[in-house]
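Please look at the structure below and think about how each label is earned. The questions that follow set values against cut-offs, one step at a time.

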Amino acid sequence: MSDEAEFRDYAGPRMAAWRRTAFLLCRDWHLADDLVATVLDKLFRQWHRREAIRSLDAYVGGMLARAVVDEHRRPWRRERLEDGDDPPEGAAPVGGGVDTTVERLTLDSYLAQLGPRRRAVLVLRFYCDLSVEETAEILGVSVGTVKSQTSRGLETMRALAAPTPTVRQA
């Protein structure tokens, strides 16, 4: 089988998941598409080295996270884009049913309220299922930073998810 065919067999089934991961990291569907395209290009150029990579899925997750960080460092990205752009028509929903959609939208809104580093740490740790060490390596930070950002991010998410007391009037 040719390298190109192997690449297509690997990347094809993972595209939707990569796109969702990119969206969770950057909060913009159009930018997520651009980031996935950038990562695919870089991955294809490195495809001949795939045997030396311990976990190809983790490697691609790291490439996505670095692409988001690089994109936000660019001067033209300093303009603030609106969070929560609707997914483009035809975007595949995650899971099924109204309850799943409500849970996903709620989680998305909580993630949107986190800073970029905490959001990246939580997405890589819990959505991409990477270890603390892998996440630290991908983001170029210490293991302690990943642990503290995870703790603070989860604390913020718990506070956002806590029910707000209602005031009853007599």
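**Cysteines and aromatic rings**

This is a predicted model, and the structure holds 0 disulfides.

Q: Why does Cys26 count as buried or exposed, whichever label applies?
A: The relative accessible area of Cys26 is 7%, and because buried means under 20%, Cys26 is called buried.

Q: What makes Cys128 partly exposed?
A: Cys128 has a relative accessibility of 23%, and since the range for partly exposed lies between under 20% for buried and over 50% for exposed, Cys128 is placed in that range.

Q: How many aromatic pairs are there?
A: The count comes to 5 aromatic pairs.

Q: Why is the pair of Phe7 and Phe44 called edge-to-face?
A: The ring centres of Phe7 and Phe44 are 5.0 Å apart, with the planes at 70°; because centres within 6.5 Å make a pair and planes over 60 degrees apart count as edge-to-face, this pair earns the name edge-to-face. Phe7 belongs to helix 1 and Phe44 to helix 3, 37 residues apart, so the pair links distant parts of the chain.

Q: What makes Phe7 buried, and Phe44 partly exposed?
A: Phe7 has a relative accessible area of 9%, and is therefore buried, whereas Phe44, at 38%, counts as partly exposed.

Q: Why is the pair of Phe7 and Trp47 edge-to-face?
A: With centres 5.2 Å apart and planes at 85°, the rings of Phe7 and Trp47 form an edge-to-face pair, because the angle is over 60 degrees.

How values were computed. Residues numbered from 1 in each chain as written. Predicted model: local features only at pLDDT ≥ 70, side-chain atom pairs only at ≥ 80, totals over all residues. Heavy atoms only, no water. Disulfide = S-S within 2.5 Å. Buried < 20%, exposed > 50% of the residue type's maximum accessible area, 1.4 Å probe, protein only. Phe/Tyr/Trp six-rings, centres within 6.5 Å; stacked < 30°, edge-to-face > 60°. Helix = DSSP H or I, 4+ residues; strand = E, 2+ residues; numbered from the N terminus.
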